[in-house]
Amino acid sequence: MTSPQQTPEPHGNDHDRGPHEHAASHASHGHGPAHGSHGHSHSHSHGPATPVSRHLRRVIAAILIPFATAVVVGLVVLWPGGGTPPHERTGVGFDRQTEQGRVVSVEQVDCASVNAGQVPPTGGTSTPEGREAVRSQEGTCGKATIEVTSGPEKGRTFTEIVQPDAPRQLHEGQGVVVAYAPDAPRDLQYSVTDVNRKLPMAVLAGIFAVAVVLVGRMKGVMALIALVVSFLILTFFILPAILDGSNPLVVAVVGSSAIMLIALYMCHGLSARTSVAVLGTLISLLLIGLLGSVFIGWASLSGNTDDNTGLIHGLYPEIDMSGLLLAGVIIGSLGVLDDVTVTQTSAVWELKQADPGMGPRALYRAGIRIGRDHIASVVNTLVLAYAGAALPLLLLFSIAQSSMGTVANSELVAEEIVRTLVGSIGLVASVPLTTALAALVVSADRTDAGGAPGTGSRKPAAARGGRRRRAK
């Protein structure tokens with residue numbers, strides 16, 4: 001490793017080549033002109049130059065190429081042959097057959113006339129059921145006529161009674177999702193299960209895409225493509241492979257690694273700086289997987305805590321539900337990990353370019369000061385995100401006046417606590433880890449790439465930058 005304060009010997013491999021060959025080498029690795037080149041006026045889609053020598057690129061490639069090969073092999077071996085395994089529908093929850101529908105008309109009627117059969121079983125209101133039955137007799141209800149607009153019985157109509165205090169009210173012309181139960185009596189085969197909200201969701205997604213492209217420009221476009229690829233991997237590999245009986249943890253590791261490699265290199269370019277972020281993310285994911293496995297087993301978390309997980313376990317009893325929980329922890333932590341590792345790596349690279357004389361220790365100390373602010377905000381983000389998702393559950397515990405110890409000990413909340421803390425530990429560890437890797441890599445390069453004072457490298461660097469632009 002060459003000290004940044006020393007004048008290094010020129011690398012014969014680089015300086016003996018012609019100007020056009022040298023420019024091509026820089027272009028192929030995402031390098032712009034060296035720091036200090038006054039002719040650097042063009043924009044580069046992958047950020048500033050990455051001053052890493054050929055030797056270090058070989059070292060990084062020797063680590064990442066086998067890893068990427070293992071990911072590809074894992075995708076091939078675990079890829080589900082027939083997609084999602086078929087099963088007989090239970091008609092429960094999300095496992096119902098659904099069709100599209102439209103509200104043709106809504107008539108206001110007296111609730112007592114349409115809810116005549118709902119009377120208190122005991123004739124009183126001393127129980128919640130009795131009070132609910134009494135309320136159903138009061139007020140004005142909506143009698144909606146629904147037309148089925150898809151499926152074999154397209155055009156068929158049925159009625160739906162909407163109580164005045166129902167959280168979802170129907171109006172004429174509204175699109176709805178209807179559940180279809182072919183084994184039920186004909187009058188009860190169809191019922192409204194949800195509203196059709198595809199249009200507002202599509203408009204919101206369009207606004208998001210436009211905002212990302214307007215602000216991020218080409219990087220925003222690449223980020224959107226990477227997002228689509230991530231969803232494709234999740235939809236066509238991770239979910240079907242788990243349902244096909246593969247180990248959820250192995251599937252999550254392989255799928256997350258594929259998403260990480262594609263997203264990071266697609267968004268930030270095929271460069272040494274991105275490779276350092278990939279290494280930091282990979283090691284942090286391994287730490288999260290190890291900690292999650294230990295504490296999910298130690299805390300006896302089954303992963304089967306609500307109606308949805310119970311339905312999954314009932315339909316596919318061979319799925320390891322605790323492994324599914326751990327897979328969710330890994331996948332959920334990946335997105336924030338990418339953000340932390342890329343930010344820390346970029347910070348170290350920028351610090352080195354701003355002061356080429358900084359050694360690895362100085363770079364690490366400066367980078368970790370930036371990382372401490374990042375840690376505080378990221379950990380708070382994770383905790384609030386999980387708390388927001390579990391807010392209705394926390395409200396139920398508050399209504400029940402349960403103690404904090406009782407709440408934390410329940411499996412529903414304990415899952416979120418373990419998920420949050422394991423993910424946060426991995427995020428915290430990724431900051432010093434990635435910062436140290438970036439400081440070592442960027443400092444191990446020859447100092448002429450950084451344009452250190454006294455090396456006489458500024459003019460050749462500027463000249464090479466000019467030739468590179470003319471070659472393009």
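**Exercise 1. A nonpolar surface patch**

Identify which residues form the nonpolar patch on the surface of this predicted model, and place F236 within the fold.

*Solution.* Begin with the membership: W79, V228, L232 and F236 make up the nonpolar patch, and together they have about 410 Å² of accessible area. Next, locate one of these residues in the secondary structure, where F236 turns out to belong to helix α6, which spans residues 198-243. Finally, classify its exposure: the relative accessibility of F236 is 49%, and because the exposed class begins only over 50%, F236 counts as partly exposed.

**Exercise 2. Two further residues of helix α6**

Determine for I238 and for R217 whether each is buried or exposed, and describe what surrounds I238.

*Solution.* Start with I238, which lies in helix α6 and has a relative accessibility of 2%, so that I238 counts as buried. Then list its contacts, leaving aside neighbours within four places in sequence: I238 touches I233, V251, G255, I259 and I331. A C-alpha distance adds a further relation, since I238 and L75 are separated by 163 residues in sequence and by 9.5 Å in space. Turn now to R217, which also has its place in helix α6; with a relative accessible area of 65%, R217 is exposed. Its backbone deserves a separate remark, for the phi of R217 is near 55°, a positive value in a residue other than glycine. Most residues other than glycine have a negative phi.

**Exercise 3. A second positive phi**

Find where S300 is situated, and state its phi and its exposure.

*Solution.* First, the position: S300 is found in the loop between α8 and α9, the latter covering residues 307-315. Second, the backbone: phi of S300 is near 55°, again a positive value in a residue that is not glycine. Third, the surface: S300 has a relative accessible area of 59%, and is therefore classed as exposed.

**Exercise 4. The order of the sheet**

Work out the order of the strands in the sheet, and explain why one side of β3 and of β5 is left without a neighbour.

*Solution.* Take the order first: five strands form an open sheet arranged as β3-β2-β1-β4-β5, with antiparallel pairing. The strands at the edges are β3 (157-162) and β5 (190-195), and because each has a single partner strand, one side of each is left without a neighbour in the sheet. From one strand to the next, the twist averages 45°. Then examine one pairing in detail, that of β1 with strand β4 (residues 175-180), where six bridges join the two antiparallel strands. Within this part of the sheet, R102 stands opposite G175 in β4.

**Exercise 5. Salt bridges**

State how many salt bridges the structure holds, and analyse the pairs R102 with E147, E153 with R156, and E350 with R273.

*Solution.* The total is six salt bridges. In the pair formed by R102 and E147, the side chains meet at 2.9 Å, N to O. This pair links distant parts of the chain, R102 being in strand β1 (residues 97-110) and E147 in strand β2 (residues 140-148), 45 residues apart. R102 has 35% relative accessibility and so counts as partly exposed.

Continue with E350 and R273, whose closest N and O atoms are 4.0 Å apart. Here too distant parts of the chain are linked, with E350 in helix α10 (residues 321-354) and R273 in helix α8 (residues 272-298), 77 residues apart. On the helix α10 side, E350 is partly exposed at 36% relative accessibility, whereas R273 is buried at 10%.

In the pair of E153 and R156, the closest N and O atoms are 3.0 Å apart, and R156 is buried, with a relative accessible area of 14%. This pair should be read within a wider arrangement, as E153, R156 and R186 are linked in a network of salt bridges.

**Exercise 6. The chain as a whole**

Describe the secondary structure, burial and surface of the protein chain.

*Solution.* Count the elements: the protein chain has 15 helices and five strands. Consider burial, where 40% of the 472 residues are buried. Then consider contacts: of those between residues at least 6 apart in sequence, 73% join residues at least 24 apart. Last comes the surface, which amounts to about 25,000 Å² of accessible area, 63% of it belonging to carbon and sulfur atoms.

Note on methods: Residues are numbered from 1 along each chain as its sequence is written. This is a predicted model: local features need pLDDT of at least 70, side-chain atom pairs count only at pLDDT 80 or more; totals for chains, interfaces and linings use all residues. Side-chain values use heavy atoms; hydrogens and water are left out. Helices (H or I, at least four residues) and strands (E, at least two) are DSSP runs, numbered from the N terminus. Buried means under 20% relative accessible area, exposed over 50%, partly exposed in between (1.4 Å probe, protein chains only). Patches are made of residues with over 30% relative accessible area and no salt bridge: like charges are joined within 9 Å, nonpolar side chains (Val, Leu, Ile, Met, Phe, Trp, Tyr) within 5 Å. Accessible areas come from the Shrake-Rupley method with a 1.4 Å probe; for residues, only the protein chains shown count as cover. Contact means heavy atoms within 4.5 Å. Two strands pair if DSSP finds at least two bridges between them. Axes are lines fitted to C-alpha atoms, for helices over the stretch in contact, and angles run from 0 to 180 degrees between N-to-C directions.
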